[in-house]
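Q: Please take a close look at one part of this model, the surroundings of a single helical residue, and set that part in the context of the whole chain.

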Amino acid sequence: ALVTIHGEEYIITDIKMRMLQPRELFRAQGFPDDYIIEHDYEGKPYPRTQQVAKCGNAVTPPVATAMVRANLPEYCQ
């Protein structure tokens, strides 16, 4: 990639960063370590790409918890 910073051109060949693994993505969103992401309810394994997609489409547990506490406090003991 060619990048210009303050008028000076730089060529970036490798940024030396790795992609996060599905488990790391779920942890970053607040899911517990025992949350099952590797397979469905019948034990059929999910490929890594599907695990990442499910993480991107998920509502994180802290957000869901906050919504329930705000809207249904009578159910939160």
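A: Read from its start, the protein chain of this predicted model follows the order β-β-α-α-α, a pattern made up of two strands and three helices. The residue to look at closely is Val 52, which lies in helix α2, the stretch covering residues 48-56. Val 52 counts as partly exposed because its relative accessibility is 32%, a value in between the limits of under 20% for buried and over 50% for exposed. Leaving aside residues up to four places away in sequence, Val 52 touches Pro 22 and Leu 25. With Leu 25, the separation along the sequence is 27 residues, while the C-alpha atoms of the two residues are 7.5 Å apart in space.

Further along the chain, Thr 60 sits in the loop between α2 and α3, the latter being residues 61-71. Thr 60 has a relative accessible area of 17% and is therefore buried, since the cut-off for that class is under 20%. Apart from residues up to four places away in sequence, the contacts of Thr 60 are with Gln 29 and Phe 31.

At the other end of the pattern, strand β1 (residues 2-5) and strand β2 (residues 8-11) run antiparallel and are joined by four bridges. Within this pairing, Val 3 has Tyr 10 of β2 as its bridge partner. The hairpin formed by β1 and β2 has two residues between the strands, and His 6 adopts a positive phi near 50° there.

These local views belong to a chain whose radius of gyration is 20 Å, whereas a compact globule of 77 residues would have one near 11 Å. The C-alpha trace spans about 60 × 35 × 15 Å along its principal axes. Of the 77 residues in the chain, 12% count as buried, and Thr 60 is a buried residue. When contacts between residues at least 6 apart in sequence are considered, 42% of them join residues at least 24 apart; the contact of Val 52 with Leu 25 bridges a sequence separation of 27 residues.

As for the surface, the protein chain exposes about 6,600 Å², of which carbon and sulfur atoms supply 58%. The chain carries 8 positive and 10 negative charges, and the mean positions of these two sets are 4 Å apart.

Technical notes: Residues are numbered from 1 along each chain as its sequence is written. This is a predicted model: local features need pLDDT of at least 70, side-chain atom pairs count only at pLDDT 80 or more; totals for chains, interfaces and linings use all residues. Side-chain values use heavy atoms; hydrogens and water are left out. Buried means under 20% relative accessible area, exposed over 50%, partly exposed in between (1.4 Å probe, protein chains only). Contact means heavy atoms within 4.5 Å. The radius of gyration is taken over C-alpha atoms; the globule rule is 2.2 Å times the number of residues to the power 0.38. Accessible areas come from the Shrake-Rupley method with a 1.4 Å probe; for residues, only the protein chains shown count as cover. Lys and Arg count as positive and Asp and Glu as negative; His and the chain ends are not counted. The place of a charge is taken as NZ of Lys, CZ of Arg, CG of Asp or CD of Glu. Two strands pair if DSSP finds at least two bridges between them.
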